[in-house]
Amino acid sequence: MQGIDELSSQAVTWVNSAHTWCFLDDATYNQQPGSNINFVSETGALELFIFSSAVKTQTSDGFLNRNKRVTNDLSTVTGFAPLPPMHTLGFHFSKYDWVSAERIMERNFNFTDFQFPVDVLVMDIQWADNYTDPAGYEYFRFNPQNFTDTDLAKMNAQVQASGRYMTTILDPHIKV
Amino acid sequence: MATRDTLVVNPQDTLYFDSTMQTPQMYNAGNSWTSTDFASGSEAAPLANDVVQGIGLGFFMPSTTLFGLGEREDTLVLKRTTQTDPYELWAYDSPHMPNQMAGLYGS
């Protein structure tokens, strides 16, 4: 949560992955108008970072960019966001459907054949193995019925040769 | 120049920690729950392995322009939630709809 006003920029990073609510209200503190921000989390530890640019500083070439400074400090904690790879900005084909190496190769061929400008082929969770144990998807290996080792190698070679990329969807659980 | 508060932690005394608030069973039963309940606590006795421990804390910023809380289809500058439901950080398994304060699918 980041705030910016005429004099400074401020930020609070609430480190909690649980179900969280954030309440924002008008407020005045020591006669200064501003905002009250209340975080409430369902569980977890109380862990947070606060940042501030203090007051703006006049430099020879103008005012220091207070917002940039706070964002920069924040990134030293959360990591600097990488630029996205070019292909992620292109068109993606994504469908929640049964999938196999053969089907990917067929789509890949057809998109080239019909000159569809697709850059990414997305496989939904059925790419993963739930045949060995139908209780859930195992995300660390391809489902062996639809993706044999031979087909995987062919699929990878064909998709790579077409200049496209593949991506696989994961749901947030782990099964081994 | 007058002194100026840049960021105040816990200005309204809303620091809460509650290990007896609610069990997941109660939560799943559809009991409504608000920030006010959070302060008052709940009558329920915690279960040995299933305690939901709530935490909360407030801040004051001398800004009315706030942003952050990403991965939602809403305006960049965040709205006041005084008259509405609060912003929620939760990945809903629901279709993408425009102008929603809730988190996006997969966020």
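In this predicted model, strands β8, β9 and β12 of chain A form an open sheet of three, lined up in the order β8-β9-β12 with parallel pairing. The edges are held by β8 (91-95) and β12 (165-168) of chain A; each has a single partner strand, so one side of each is left without a neighbour in the sheet. From one strand to the next, the twist averages 25°. Looking at one pairing in detail, β8(A) is joined to β9 (residues 118-123) of chain A by five bridges, and the two strands run parallel. A:Phe93 is found opposite A:Leu121, a residue of β9(A).

Helices accompany this sheet. Helix α2 of chain A, covering residues 101-113, lies across β8 and β9 of chain A and runs at about 165° to β9(A). A helical partner for α2(A) is α3 (residues 149-162) of chain A: the two pack at an angle of about 20°, and their axes are 9 Å apart. Angles under 35 degrees count as roughly parallel, and α2(A) and α3(A) are therefore roughly parallel to each other. Their crossing is left-handed. On the α2(A) side, the residues that meet α3(A) are A:Ala101, A:Glu102, A:Ile104, A:Met105, A:Asn108 and A:Thr112. Facing them from α3(A) are A:Asp151, A:Leu152, A:Lys154, A:Met155, A:Gln158, A:Val159 and A:Ser162.

A second open sheet brings both chains together. Its four strands follow the order β5(A)-β2(A)-β1(A)-β4(B), and the pairing is antiparallel. Here the edge positions belong to β5 of chain A and β4 (65-67) of chain B, each with a single partner strand, so that one side of each is left without a neighbour in the sheet. Direction ignored, neighbouring strands of this sheet are turned by 15° against each other on average. Within it, β2(A) and β5(A) pair in the antiparallel sense over five bridges, and A:Trp14 stands opposite A:Leu48 of β5(A). Helix α1 of chain A (residues 66-78) packs on the sheet, where it touches β1, β2 and β5 of chain A, and its direction makes about 20° with that of β2(A).

Turning to the nonpolar interior, the largest core has 23 residues. The residues with the most contacts inside this core are A:Met1, A:Val12, A:Cys22, A:Leu24, A:Ile37 and B:Phe59. At least two core residues come from each of β2 (9-14), β3 (20-29) and β4 (32-41) of chain A, and likewise from each of β3 (52-61) and β5 (87-89) of chain B. The largest share, five residues, is supplied by β3(A). Leaving aside residues up to four places away in sequence, A:Val12 touches A:Met1, A:Ile37, A:Leu48, A:Ile50 and B:Phe59. Apart from this core lies another, of eleven residues, which includes A:Ile104, A:Leu121, A:Met123 and A:Tyr137. Two of these names have already appeared above: A:Leu121 stands opposite A:Phe93, and A:Ile104 belongs to the α2(A) residues that meet α3(A).

The contact between the chains draws on 37 residues from chain A and 38 residues from chain B. On the side of chain A that touches chain B, at least two residues are supplied by each of β1 (2-4), β2, β3, β4 and β5 (48-52) of chain A. The largest share of that side, ten residues, comes from β4(A).

As for chain B itself, two helices and five strands are present, and along the sequence they follow the pattern β-β-α-α-β-β-β. Of the 107 residues in chain B, buried ones make up 20%. Among the contacts in chain B between residues at least 6 apart in sequence, 55% join residues at least 24 apart.

One residue of chain B, B:Arg4, rounds off the picture. B:Arg4 sits in the segment before β1 (8-9) of chain B. B:Arg4 counts as exposed because it has 12 C-beta neighbours inside 10 Å, the cut-off for exposed being 12 or fewer. Not counting residues up to four places away in sequence, B:Arg4 touches A:Leu7 and A:Gln32 of chain A as well as B:Pro62. The C-alpha atoms of B:Arg4 and B:Arg80 are separated by 23 Å, with the two residues 76 apart along the chain.

Definitions and conventions. Residues are numbered from 1 along each chain as its sequence is written. Chains are lettered from A and ligands numbered from 1 in the order in which they are written. This is a predicted model: local features need pLDDT of at least 70, side-chain atom pairs count only at pLDDT 80 or more; totals for chains, interfaces and linings use all residues. Two strands pair if DSSP finds at least two bridges between them. Axes are lines fitted to C-alpha atoms, for helices over the stretch in contact, and angles run from 0 to 180 degrees between N-to-C directions. Two residues are in contact if their C-beta atoms, placed from the backbone, lie within 7 Å. A nonpolar core is a set of buried Ala, Val, Leu, Ile, Met, Phe, Trp, Tyr and Cys residues joined through C-beta atoms within 7 Å. Angles under 35 degrees count as roughly parallel, over 145 as roughly antiparallel, 65 to 115 as roughly perpendicular and the rest as oblique. A crossing is left-handed if the near helix is turned anticlockwise from the far one by less than a right angle, and right-handed if clockwise.
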